[in-house]
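Student: Please take a close look at the contact between the two chains. Walk me through the part where helices from both sides meet.

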Amino acid sequence: MKPATNSNSVVKMKKERNWKRWTIHLFPIPALLIYGLFIVYPLFAALTYSFFDWKGIVRGEFVGLKNFKDLFTLEPFSGLFWNAFGHNILYFVLQMIFQNGLAFILAYIIYKKVKGSEFLKIAYFLPRLLSVIVVGFLWKLILNPNYGALNVILEKIGLEQLQKAWLGDPDTALISIILVNCWYGIGFGVLIFLAGLQSIPKELFEAGKLDGADGLSMIRKIVLPLMVPSFMIMTVLTFIQSFEAFELVYAMQGSQGEPYHSTDTLAIYFYRLAFGGSAGGSTTAVGLGSALAVVLFLFISFFTALYLRYMQKKQVDM
Amino acid sequence: MNHTIWTRPFYYVFAFLIASISIYPILLMILSSFKTSAEIFTSPLSLPKTFNLDTYRNLLEMIPFTTYFMNSVFVSVVSVLLILITSSLAAFYIARFTFVWNNIIFFFFLMGMMLPIKLGIVPLFILMKDLNLLNSLWSLIFMYVATGIPLSILILTGFFRTMPRELEEAARIDGAGNLRILWNVVLPLMRPALGTVMIIQFIQSWNDFFFPLIFITDDLKKTIPVGMLSLFGEYSADWGALFAGLTLASLPMIVLFFIASKQFMEGLTQGAIK
């Protein structure tokens with residue numbers, strides 16, 4: 001009836017629609033900004049920091065690879081680096097055995113439908129709810145040589161000879177911390193492995209039974225191959241976590257890796273370099289710290305990527 | 001069949017033994033929090049003689065626990081809200097549109113799950129200083145949002161992709177804009193996924209102590225985990241109060257867990273499995 005206004009409103013609608021279509025590109029912007037500014041930028045910046053000389057947190061001259069050279073050739077830095085590196089490896093190995101190994105066995109038991117499996121799941125998972133600092137402090141009290149519950153229990157059951165200053169002795173301090181970490185993480189592992197087990201088709205077990213497979217060969221031939229994705233996840237997560245180990249060590253032994261650097265991890269050493277307290281003093285070494293961060297970063301990424309690729313290939317082959 | 005007869009009891013003993021190792025320290029923590037220090041030192045394993053709350057009263061006099069608590073609540077709640085908003089906007093964009101750069105954006109976010117952000121703490125410290133955010137709760141909020149975004153986007157994008165598009169298209173024909181579609185049509189159907197994200201991120205931001213350790217020195221700006229650090233630093237001899245502090249710090253999470261244990265366990269593992 002009114003062609004003029006009609007075409008006008010069509011133009012207006014089109015404009016509006018174009019505007020609406022354009023606004024969609026605003027949707028990912030907030031996430032990109034926050035993520036870019038607080039995650040991506042700092043990691044890139046850490047890389048550039050490692051090429052400079054630092055006075056406190058003020059940047060000095062460009063020094064090329066000097067920080068890296070110092071980190072690996074200058075004492076005490078290189079000695080402390082390899083000392084801490086070894087501890088991280090031990091961290092990873094012990095966690096793989098005591099946390100993930102045990103978690104797999106427990107998940108298998110729950111999967112076999114024991115009574116009270118809900119209770120078991122909740123029990124294993126409970127420690128995971130605590131803050132790592134609470135875990136560290138709680139165990140510090142339990143492991144206290146004089147009043148701690150562990151030594152008291154050992155005495156009560158007649159094993160006095162095993163009593164120890166668990167965290168004061170360089171031979172047991174690191175291992176104690178790692179086992180506490182296993183205590184904290186085991187429930188998560190159980191749930192991951194349980195989810196993996198539950199995704200195995202039941203028919204496979206029945207077919208296995210018909211072929212006369214017993215429990216152990218069933219595990220070897222059916223369960224383990226199909227659990228590869230779960231093992232992969234847990235290995236990568238444990239690897240990253242072991243090489244980033246900081247909070248629990250800090251809570252239990254502070255930033256000096258006491259006693260005698262026997263609990264030093266790379267992240268603790270990094271913290272000392274970056275925020276003071278390295279070599280006993282309060283001077284910071286941001287350049288060296290950044291170099292260490294870069295080395296650690298490359299190490300973690302390289303092995304994670306390598307492992308993921310290798311496992312993916314293996315899975316395809318099977 | 002024969003060997004199940006002897007493996008069964010072994011299974012039980014083993015599984016329940018480990019379960020008691022998991023629970024006992026937590027139980028010990030709660031029970032000890034009702035004992036005086038003298039009682040803990042003389043009989044560390046026995047039940048408390050009386051359930052008196054003196055240790056808690058002492059604790060509240062020693063440290064500004066209520067302030068820590070309010071700070072923790074503020075930081076966690078705001079972080080979780082911001083994560084939900086930013087991540088659902090981004091995930092909606094990634095899952096529902098097919099712009100050429102969508103896969104790149106998705107990969108860019110996913111990369112964040114593997115990035116060890118703690119190694120960037122020196123630049124972060126300088127950044128927060130430049131932004132005037134040291135000793136501000138917002139420094140923590142920004143960190144928890146930034147570290148929470150990758151996993152949240154992964155979970156939400158996965159969920160978006162499984163949802164049928166018909167309702168959205170109907171709303172679009174009715175003239176609804178993208179924001180309206182997301183808010184009125186899509187998000188109400190996403191409740192399970194949003195719940196998962198909420199639980200994971202709430203635990204993370206409630207329990208973290210790394211970032212406040214670096215960014216917060218003002219006692220009145222501390223969250224509960226770093227508050228524990230000052231408690232143990234200053235009052236290390238009063239074990240009753242120490243146990244009370246640890247118990248109070250953990251109680252909110254434990255209570256929430258018992259209200260929704262299934263969602264907690266599913267939530268925390270879901271991120272890893274996907």
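Tutor: What follows goes from confidence, to the contact, to the helix pair, and then to some local details.

This is a predicted model. The predictor gives the complex an ipTM of 0.89 and a pTM of 0.88. Chain B has a mean pLDDT of 88, and 96% of its residues reach 70 or more. Chain A averages 85, with 89% of the residues at 70 or above. One stretch of chain A calls for care: residues 1-5 have a pLDDT below 50. Beyond near neighbours in sequence, that stretch makes zero contacts in the model.

Now the contact itself. Chain A puts in 67 residues and chain B puts in 70 residues. On the chain B side, the largest share comes from helix α1(B), residues 2-32, with 13 residues. The chemistry of that side is 56 nonpolar, 13 polar and one charged residues.

Next, the helix pair. Helix α2 of chain A covers residues 29-49, and helix α7 of chain B covers residues 137-162. They pack at an angle of about 120 degrees. Their axes are 9 Å apart. The crossing of α2(A) with α7(B) is left-handed. Which residues make the contact? From α2(A) come Ala31(A), Ile34(A), Tyr35(A), Phe38(A) and Ile39(A). From α7(B) come Phe142(B), Met143(B), Val145(B), Ala146(B), Thr147(B), Ile149(B) and Ile153(B). By class, this contact has eleven nonpolar residues, one polar and no charged.

The UniProt record has something to say about chain B. An unreviewed entry places the feature "transmembrane region" at six spans: residues 12-34, 68-92, 104-126, 138-160, 181-203 and 239-260. Look at residues 138-160 of chain B in the model. They are 100% helix and 0% strand. Their end C-alpha atoms are 30 Å apart. Residues 68-92 of chain B are also 100% helix and 0% strand, and here the end C-alpha atoms lie 36 Å apart. The unreviewed entry also places "domain: ABC transmembrane type-1" at residues 69-260 of chain B. In the model that span is 78% helix and 0% strand, with its end C-alpha atoms 21 Å apart.

Chain A has two further places to inspect. Start with the hairpin. Strand β1(A), residues 52-55, pairs with strand β2(A), residues 58-62. The pairing is antiparallel, over three bridges. Trp54(A) stands opposite Arg59(A) of β2(A). Two residues lie between the strands of this hairpin. Gly56(A), in the turn, has a positive phi of about 65 degrees.

Then go to the loop between α12 (247-253) and α13 (266-275) of chain A, where Pro259(A) lies. The peptide bond from Glu258(A) to Pro259(A) is cis, with omega near -10 degrees. Tyr260(A) is found in the loop between α12 and α13 of chain A too. Tyr260(A) is not a glycine, yet its phi is positive, about 50 degrees.

To come back to your request: find α2(A) and α7(B), and view them where their axes are 9 Å apart. Among the residues to pick out there are Phe38(A) and Phe142(B).

How values were computed: Residues are numbered from 1 along each chain as its sequence is written. Chains are lettered from A and ligands numbered from 1 in the order in which they are written. This is a predicted model: local features need pLDDT of at least 70, side-chain atom pairs count only at pLDDT 80 or more; totals for chains, interfaces and linings use all residues. pLDDT is the predictor's confidence in each residue, from 0 to 100. Two residues are in contact if their C-beta atoms, placed from the backbone, lie within 7 Å. Two strands pair if DSSP finds at least two bridges between them. Helices (H or I, at least four residues) and strands (E, at least two) are DSSP runs, numbered from the N terminus. Ala, Val, Leu, Ile, Met, Phe, Trp, Tyr, Cys and Pro count as nonpolar, Asp, Glu, Lys and Arg as charged, and the others, Gly among them, as polar. Axes are lines fitted to C-alpha atoms, for helices over the stretch in contact, and angles run from 0 to 180 degrees between N-to-C directions. A crossing is left-handed if the near helix is turned anticlockwise from the far one by less than a right angle, and right-handed if clockwise. UniProt positions are given in the numbering used here, feature names are shortened, and annotations may be inferred rather than shown by experiment.
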